[in-house]
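Reader: I have a chain open on my screen. Can you walk me through it?
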Amino acid sequence: MIKVTAVKPLENHHLELAFNTGETRIFDVRPYLDKGIFTELRDPTYFRSVRLAFGTIIWPNEQDFGPESLYVESRPAT
């Protein structure tokens, strides 16, 4: 089972994610910024409030992504 073990917000609405596979990957949140509850993530200060919870990531108002989606939709960090 894929789990996120660390998260670091980056510029331009990207996240650096470490997974329990030992990989570090980059996830682009921009495609979600116009969708429902994710519009709040447009605010850079709020975006940076991301944290780990239950093997994935979450923001204060409970926006989240499943760890499998984060893994599949991200790219390897270089």
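**Working through the chain**

Author: Sure. Bear in mind that this is a predicted model. Start with the long-range picture: residues 24 or more positions apart account for 41% of the contacts in the protein chain with a separation of 6 or more.

Reader: How many helices and strands in the protein chain?

Author: There are 2 helices and 7 strands. Along the sequence, the order is β-β-β-α-β-β-β-α-β.

Reader: And why call the protein chain as compact as a globular protein of that length?

Author: Its radius of gyration is 11 Å, and the globule rule gives 12 Å for 78 residues. Those values are close, so the protein chain is as compact as a globular protein of that length. The C-alpha atoms fill a box of roughly 30 × 25 × 20 Å along the principal axes.

Reader: What share of the residues is buried?

Author: Of the 78 residues, 37% count as buried.

Reader: What about the surface? How much area does the protein chain expose?

Author: About 4700 Å². Carbon and sulfur atoms supply 53% of that.

Reader: Charges next. How far apart are the mean positions of the positive and negative ones?

Author: They are 3 Å apart, for 9 positive and 11 negative charges.

Reader: Let's get specific. Where is Q63?

Author: Q63 sits in the loop between strand 5 (56–58) and strand 6 (64–65).

Reader: Is Q63 buried or exposed?

Author: Buried. Its relative accessibility is 1%, so Q63 falls under the 20% cut-off.

Reader: Which residues does Q63 touch, beyond its sequence neighbours?

Author: Leaving out residues up to four places away, Q63 touches I37, F38, E40, L41, Y46, I57 and I58. With E40 there is also a polar contact of 2.8 Å between the side chains. L41 is 22 residues from Q63 in sequence, and their C-alpha atoms are 8.6 Å apart.

Reader: Move one back. Where is E62, and is E62 buried or exposed?

Author: E62 is in the loop between strand 5 and strand 6. E62 counts as exposed because its relative accessibility is 59%, over the 50% cut-off. From E62 to I37 is 25 residues in sequence and 8.9 Å in space, C-alpha to C-alpha.

Reader: What about the backbone there? What is phi of E62?

Author: Near 75°, a positive value in a residue other than glycine. Most residues other than glycine have a negative phi. F54 is another with a positive value, with phi near 55°.

Reader: Where does F54 sit?

Author: In the loop between strand 4 (51–53) and strand 5. F54 is exposed, at 86% relative accessible area.

Reader: Switching topic. What does S74 do with its side chain?

Author: A polar atom of the S74 side chain lies 2.8 Å from the backbone oxygen of L70. S74 is in the loop between helix 2 (67–72) and strand 7 (75–76). S74 counts as buried, at 8% relative accessibility.

Reader: Which residues does S74 touch, not counting those up to four places away?

Author: F19, R25, I26 and F27.

Reader: Last one, H14. Where is H14, and is H14 buried or exposed?

Author: H14 is in strand 2, residues 14–19. H14 is buried, with a relative accessible area of 12%. Outside four places in sequence, the contacts of H14 are K8, P9, I26, F27, D28, R30 and F47.

How values were computed
Residues are numbered from 1 along each chain as its sequence is written. This is a predicted model: local features need pLDDT of at least 70, side-chain atom pairs count only at pLDDT 80 or more; totals for chains, interfaces and linings use all residues. Side-chain values use heavy atoms; hydrogens and water are left out. Helices (H or I, at least four residues) and strands (E, at least two) are DSSP runs, numbered from the N terminus. The radius of gyration is taken over C-alpha atoms; the globule rule is 2.2 Å times the number of residues to the power 0.38. Buried means under 20% relative accessible area, exposed over 50%, partly exposed in between (1.4 Å probe, protein chains only). Contact means heavy atoms within 4.5 Å. Accessible areas come from the Shrake-Rupley method with a 1.4 Å probe; for residues, only the protein chains shown count as cover. Lys and Arg count as positive and Asp and Glu as negative; His and the chain ends are not counted. The place of a charge is taken as NZ of Lys, CZ of Arg, CG of Asp or CD of Glu. A polar contact is a pair of N or O atoms within 3.5 Å; within protein, one must be able to donate a hydrogen and the other to accept it, and residues adjacent in sequence count only if both atoms are side-chain atoms.
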